[in-house]
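Visitor: I would like a tour of the empty spaces in this protein and of whatever fills them. Could you take me round?

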Amino acid sequence: MGKLDGRVVLITGAARGQGEQEARLFAAEGARLVLGDVLDAPGEALAKELAEELGEGRAVHVHLDVTREQDWAAAVAVAKERFGRIDGLVNNAGILRFNELVSTPLDEFQAVVQVNQTGCFLGIKAVAPEIEAAGGGTIVNTASYTGVTGMAGVGAYAASKHAVVGLTRVAAVELAGKGIRVNAVCPGAIDTPMSNPEGVDPAATAELYRHLVPLGRIGRPEEVAALALFLTGEDSSYITGQPFVIDGGWLAGVRLF
Ligand code: NAI
């Protein structure tokens, strides 16, 4: 028996990285999935692969730009048409830009906020009423290590991720009475195209992470997927409104020796 048998979950940014691993794990645990992303070719390939592996109709890709309210309405419509309802959401889509605050162009700041923060808000707004109609369920938002602390060079990103933690807390309080639990994952450095765009072998950056992160390595997207599964399934039935840091101990302190 899977931990998500009978569940219908929409995952944003599902075409690669953490969202892809969440899709693979959730499907293996019995969920039916709507995979939303602006990257259509890899999103469609993943949906096809999961359907071939686990049975027709297990996963469908939709073109979903999380900044567009009309895309959210269309994604919800696909979920209801294919699966009859929707009872889970993983707001995972995100973008990262590096710049010191005084050098950040306004349009860059706004673009980061638009995807990471507004996209998360629009997801909650579009999907929570559907989860309520389905009798309850879960929302997992993707914040960051920089959603709970600062880091030079990522001002727009950190601001947007702190906002995701705020949205998570407010949504949890507002939606608890409707049977919806809302939590956030706060990953540290995870080995995906976002933080490792060149696809460098983790062994090559081991020395850097040995000093930065107490556990001495970059995280794997599968490890974040396992936390998202915990927060989506019944194992977390008494948990809501919380940001969960998953960072190899980075936030706990640096290791000098
Ligand atoms: P990634 O860059 O591999 O994947 C992000 C996905 O989001 C991509 O498939 C991309 O096409 C999609 N996306 C971007 N803009 C979108 C939009 N407007 N609408 C829909 N989809 C969109 O990065 P990764 O690491 O998998 O990121 C997943 C989440 O984890 C993001 O929210 C990111 O901010 C967060 N995160 C990542 C960390 C890391 O070190 N990789 C650390 C902390 C948080």
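**Pocket, ligand and cavities**

Guide: Happy to, and please keep in mind that this is a predicted model. Let us start with the lining of the largest pocket, to which α1, β2 (32-37), α4 (106-133), α5 and α6 (206-212) each supply at least two residues.

Visitor: How many residues line the largest pocket, and which lie nearest its centre?

Guide: The space in this pocket comes to about 1,000 Å³. Its lining consists of 43 residues, and those nearest the centre are G94, L96, Y157, T192 and M194.

Visitor: Of nonpolar, polar and charged residues, how many of each are in that lining?

Guide: Sorting the lining of the largest pocket by class gives five charged and 15 polar residues. The remaining class, nonpolar, has 23 residues.

Visitor: Where does the ligand sit?

Guide: A ligand is placed in a pocket if more than half of its atoms lie within 2 Å of the pocket's grid points. By that test, the ligand sits in the largest pocket. Two elements give two or more residues to the shell around the ligand: α1 (17-28) and α5 (155-175).

Visitor: Which residues are closest to the ligand?

Guide: The shell around the ligand has 14 nonpolar, ten polar and four charged residues. In total 28 residues surround the ligand, and the closest are R16, D37, N92, Y157 and T192.

Visitor: Which residue has a polar side-chain atom 2.6 Å from an oxygen atom of the ligand?

Guide: Let us go through the polar contacts, taking 3.5 Å as the cut-off for a pair of N or O atoms. V66 brings a backbone N or O atom to 3.0 Å from a nitrogen atom of the ligand, and N92 has a polar backbone atom 2.7 Å from a ligand oxygen. The side-chain partner at 2.6 Å from a ligand oxygen is T192.

Visitor: How much of the ligand's exposed area does the protein bury?

Guide: Taken alone, the ligand exposes 830 Å². Of that area, the protein buries 94%.

Visitor: Now for the closed spaces. Which element gives the largest share of the lining of the largest cavity?

Guide: A search of the whole structure turns up two cavities of 30 Å³ or more, and the largest has a volume of about 70 Å³. Its lining has 13 residues, with N91, N92, A93, N116 and C120 nearest the centre. The elements giving two or more residues to this lining are α4, β5 (137-142) and α5. The largest share, four residues, comes from α4.

Visitor: How do the residues lining the second largest cavity divide by class?

Guide: This cavity holds about 30 Å³ of space. Its lining is made up of R97, F98, N99, T104, E108, G153, V154, G155 and A156. By class, they divide into three nonpolar, four polar and two charged.

Definitions and conventions: Residues numbered from 1 in each chain as written. Predicted model: local features only at pLDDT ≥ 70, side-chain atom pairs only at ≥ 80, totals over all residues. Heavy atoms only, no water. Near = heavy atom within 4 Å. Polar contact = N/O pair within 3.5 Å; in protein donor to acceptor, adjacent residues only side chain to side chain. Areas by Shrake-Rupley, 256 points an atom, 1.4 Å probe, with all protein chains shown as cover. 1 Å grid on protein atoms, 1.4 Å probe; cavity = no way out; pocket = protein on both sides within 12 Å on 5 of 7 lines; lining within 4 Å. Nonpolar A, V, L, I, M, F, W, Y, C, P; charged D, E, K, R; others polar. Points joined across faces, edges and corners; volume = space filled by probe spheres on them.
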